[in-house]
Amino acid sequence: MEETYKDRTSLVKGAKDIAKEVKRQAVKKVNKAVDKAQDGYTQRSYNRFQDEEDDDDDYYVQGGNYGVEVNDDEGSSEATEGHDEDDEIYEGEYQGIPNMGQGKDGMSALGQPMHDEYKDRHELETERKADEEELAQQYELIIQECGHGRFQWALFFVLGMALMADGVEVFVVGFVLPSAETDMCIPNSGSGWLGSIVYLGMMVGAFFWGGLADKVGRRQSLLICMSVNGFFAFLSSFVQGYGFFLFCRLFSGFGIGGAVPTVFSYFSEVLAREKRGEHLSWLCMFWMIGGIYASAMAWAIIPHYGWSFSMGSAYQFHSWRVFVIVCALPCVSSVVALTFMPESPRFLLEVGKHDEAWMILKQIHDTNMRARGQPEKVFTVNRIKTPKQIDELIEIESDTGTWYRRCFVRIRTELYGIWLTFMRCFNYPVKDNTIKLTAVWFTLSFGYYGLSVWFPDVIKHLQSDEYASRVKHFHNEEVSHFVFNFTLENQIHSNGEYINDRFIMMKFKSVIFEDSLFKNCVFEDITSLNTYFRNCTFINTTFYNTDLEQYKFVDSELINCTFFHIRTGCQISFDDDYSAYWIYFVNFLGTLAVLPGNIVSALLMDRIGRLTMLGGSMVLSGISCFFLWFGTSESMMIGMLCLYNGLTISAWNSLDVITVELYPTDRRATGFGFLNALCKAAAVLGNLIFGSLVGITKSIPILLASTVLVCGGLVGLRLPDTRTQVLM
């Protein structure tokens, strides 16, 4: 009996504390009219409990059992010990006091603030914003307590593999394009689609996967997008038709498009403020490693045409397909490693999953402490602020709708949710930042990718001019009863007569015969590249096992000629194709040149600031464009390419860091995805404009690139400095 009275005393005292908490919370968070009503209700509740307490005290004293004053702390349970009294969640929820039902005049249950259904959306969003600001400060302290160690480095390499796969995807199409065009007989009118289709897929993918990462989580979104990329990249190495190959590369680009926005959002949320700029810059190095990996593999694999096999005439598997498979390995590796990594705890807190986030933060803390040799150090955080969740009610027609109808509604709802999140990137207070970032991302992408495609094309143009300057001319040749069994390259034969000659086991490379006569000749086992017979006459000539198709005889006359076993289709270039090695080598040097810029940006990101590095790098890159006027040889152009890439990489690194720091957690991946999609659109536009000016003029590309880079750098200096800010 005594114990029953003691419990009742504790309960009454706790109820008194609850009533006080209800009154304080009501005054803090609702309008004056509601405050007035809530105060009245709270006062009535308080008086009732006060009366009960007085009666109980009198009864206890009369009984003579309890003459000791009740301790004020007795009403608090162990579950609430150490909790901040400013916490929004009322104490009775931890004590297990049940809901006593709704009060009069729409008031909430005993011990709770006014129910969310009686508040408009503006009030709920105001409360959520206040909670998010409190969470940002608390989360920074928690991450600092967890420390920087083994967990962050493990995640660094896992996400680095995903970023490396993105760098590989950008280079792989340019490397396989010449071989794929030849292998699949791609006409010149359709060859440009292969390069553009990948950027189109990456553009759509960046926006979609970035938005999805803010809905389902960073890890989940990254796993799905990397799996899509790996599957279609692997499949594209086996398909034979050009249309199906474009389809596979489109979805491969769609998958890898989500890598950059999700990776940077994911990694930034497990880094403390003083580590964020430096380690995000180190993470950018994996994109460079991806470019080096692609260049090295292309150099080692594609020119080795012996690495191929065929299954009849319908299926051909050449060395460039092996290269595509090898380039899918970083993606596969990242997918496997991601399965062992947890979700971003900051994202889980944002969506109200407190317990899951706490467990992951404890895992980070324990992993780092064990690596430091301090396994006994305890994770002291007991409670983490979670923002108020604003529910969106969606009807899925679960009772009457079919399964595909429900799927359609769910997909439409998710896409609409992504669109709403995107539109919030243009709301106050991030609207101005989004507009400025849009200008910086577009100008940097337009100038960088435009000149990146212009440099190799100019080098190839210089090579072709040099190659054409070394062409050998032969006029009025008269050759009879001769056996040609050697390679002819870069030659023009005009007005020649070839009587009873045999052309056996020969290779024709860039050879043109003009106004020539071939009589009683034999062409056997001939392989040709860029070889044409213009206005020639063939009389009683036999062609056996050659690739001399009809289109190679331009305005020529064939009289009583016979063709046996003509190899139709397209043929891979010769084994000694020097230009292939040269292109891979140029890209390798251009990618390697960003290494010093990566190191400098990582070391100075937190010292001189993001804005100084962004604006300074873009302005210096724009100034360096003027040195291109002096590029009159291949070696000078390669040097300019390395200088340009080394300067722009610091701008890219600082822009990535600024972007993740300027957006709040619920819009971080969406905003980054939108800007990355804009980057790909600017890249396609830059490729078209700069590519059309190759061989025509130097002044327009130089002035255009310099202008947009300098203007973008000046806009970047107007962005807010995020070096000392916590992650919003």
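Let me begin with two helices, α18 and α20, which are oblique to each other, and I should say straight away that what we are looking at is a predicted model. The reasoning goes through the angle: α18, which covers residues 594–608, packs against α20, residues 634–662, at about 40 degrees, and because angles under 35 degrees count as roughly parallel while those from 65 to 115 count as roughly perpendicular, the pair falls into the oblique class. The axes of α18 and α20 lie 8 Å apart, and the crossing in which α18 passes α20 is right-handed.

Which residues of α18 and α20 meet? On the α18 side they are V594, G597, N598, S601 and M605, and on the α20 side they are N645, G646, I649, S650, N653, S654 and V657. Sorted by character, the residues of this contact comprise eight polar and four nonpolar ones, with no charged residue among them.

Now let me turn from the helices to a sheet. Five strands make up this open sheet, and if you follow them across in order you read β4, β7, β9, β12 and β15, with parallel pairing. At the edges are β4, residues 478–480, and β15, residues 557–559, each of which pairs on one side only. From one strand to the next, the twist averages 5 degrees.

To see one pairing in detail, take β9, residues 517–519, beside β12, residues 537–539, where three bridges join the two strands in the parallel sense. Where does K519 find its bridge partner in β12? The partner is I539, and that is a good pair of residues to look up in the structure above as we finish.

Definitions and conventions
Residues are numbered from 1 along each chain as its sequence is written. This is a predicted model: local features need pLDDT of at least 70, side-chain atom pairs count only at pLDDT 80 or more; totals for chains, interfaces and linings use all residues. Side-chain values use heavy atoms; hydrogens and water are left out. Axes are lines fitted to C-alpha atoms, for helices over the stretch in contact, and angles run from 0 to 180 degrees between N-to-C directions. Helices (H or I, at least four residues) and strands (E, at least two) are DSSP runs, numbered from the N terminus. Angles under 35 degrees count as roughly parallel, over 145 as roughly antiparallel, 65 to 115 as roughly perpendicular and the rest as oblique. A crossing is left-handed if the near helix is turned anticlockwise from the far one by less than a right angle, and right-handed if clockwise. Contact means heavy atoms within 4.5 Å. Ala, Val, Leu, Ile, Met, Phe, Trp, Tyr, Cys and Pro count as nonpolar, Asp, Glu, Lys and Arg as charged, and the others, Gly among them, as polar. Two strands pair if DSSP finds at least two bridges between them.
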